[in-house]
Amino acid sequence: MFYEHTLLIDSRDVDGSGHCRASALLGHMQEAATQAAEQGGFGRQALLERYHGFWMLTRMWFQLDRPLLWEEQLTIRTWHRGGKRATMYRDYDLYVDGTKVGEGVSAWVLADLQTRRLLRLDKVKEFEGTDGGALNKSRNLTKLPCPGSLTVVEQRPMRYSDTDINGHVNNTRYADFACDALELDKLPKENFISQMQIGYLAECRPGELLTIETGMEKEAHYVCGLDANGKHRFEAELFFSKDEP
């Protein structure tokens, strides 16, 4: 079983090169996941009422064969792999004009609203018989192998404009933090993010200050955000390619 919707890459989504920003793409993928969960009967309100739980996104990855461009119609197809223990994987295929241009994977956990303890997914009966079956991907998302030597590039305060309905920094904003830290505005216009993975390690709220560090190993660029105690709040890995029309 899969959910699918089509949307327009509009002026709010793109950067100065006309490419869809990573944060915008992640936002569209998360919205597709939200709508798929609602359609499947295990959306936010249903889980709160039946299990006193809510979804927490822990990791997200995407890969693009080419950049997504302004005014293109993007179709996102998504499905989940079922739930047995603590982590539920959700897969994505991305299409433009019927041609597959990328894919993605996200990892979610179900947590108790008050205690934040993780709930076993096999207790959620709504998952039964609703996974993607033969569509399921095999890629799992693990902790990123960030290099040991990273360079501090900025101190970034968390503000109201970074937050979402849960009152903490929205998941998509960390992609913007990573892109700012790597100064994507200075890259040649033909370069684009062909692959990104973000790990969400702990919540951030307005008033907190993150130390942003960057590093590189082979062709992989890494960005990490640390709090005042040196605890990692997020980590990101990015790969770049050149667009060759």
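In this predicted model, the lining of the largest cavity is made up of M1, F2, Y3, A36, Q39, G40, F42, T78, W79, H80, R90 and T130. By residue class, this lining comprises six nonpolar residues, five polar residues and one charged residue. Two secondary-structure elements, α1 (22–40) and β3 (73–80), each contribute at least two of the lining residues. The space within the largest cavity amounts to about 90 Å³. When the whole structure is searched with a lower limit of 30 Å³, one cavity is found.

The cysteines were examined next. Zero disulfides are found in a search of the whole structure. C20 takes part in no disulfide, and the cysteine sulfur nearest to it, belonging to C179, lies 11 Å away. C20 has a relative accessible area of 14% and is therefore classed as buried, the limit for that class being under 20%.

For C146, the closest cysteine sulfur is that of C224, at 3.5 Å from the sulfur of C146. A disulfide requires two cysteine sulfur atoms within 2.5 Å, so the sulfurs of C146 and C224 are too far apart for a bond. The relative accessibility of C146 is 24%; because the buried class ends at 20% and the exposed class begins over 50%, C146 counts as partly exposed. C20 is thus buried, whereas C146 is partly exposed, and neither residue alters the result of the search, which gives zero disulfides.

Technical notes. Residues numbered from 1 in each chain as written. Predicted model: local features only at pLDDT ≥ 70, side-chain atom pairs only at ≥ 80, totals over all residues. Heavy atoms only, no water. Buried < 20%, exposed > 50% of the residue type's maximum accessible area, 1.4 Å probe, protein only. 1 Å grid on protein atoms, 1.4 Å probe; cavity = no way out; pocket = protein on both sides within 12 Å on 5 of 7 lines; lining within 4 Å. Points joined across faces, edges and corners; volume = space filled by probe spheres on them. Helix = DSSP H or I, 4+ residues; strand = E, 2+ residues; numbered from the N terminus. Nonpolar A, V, L, I, M, F, W, Y, C, P; charged D, E, K, R; others polar.
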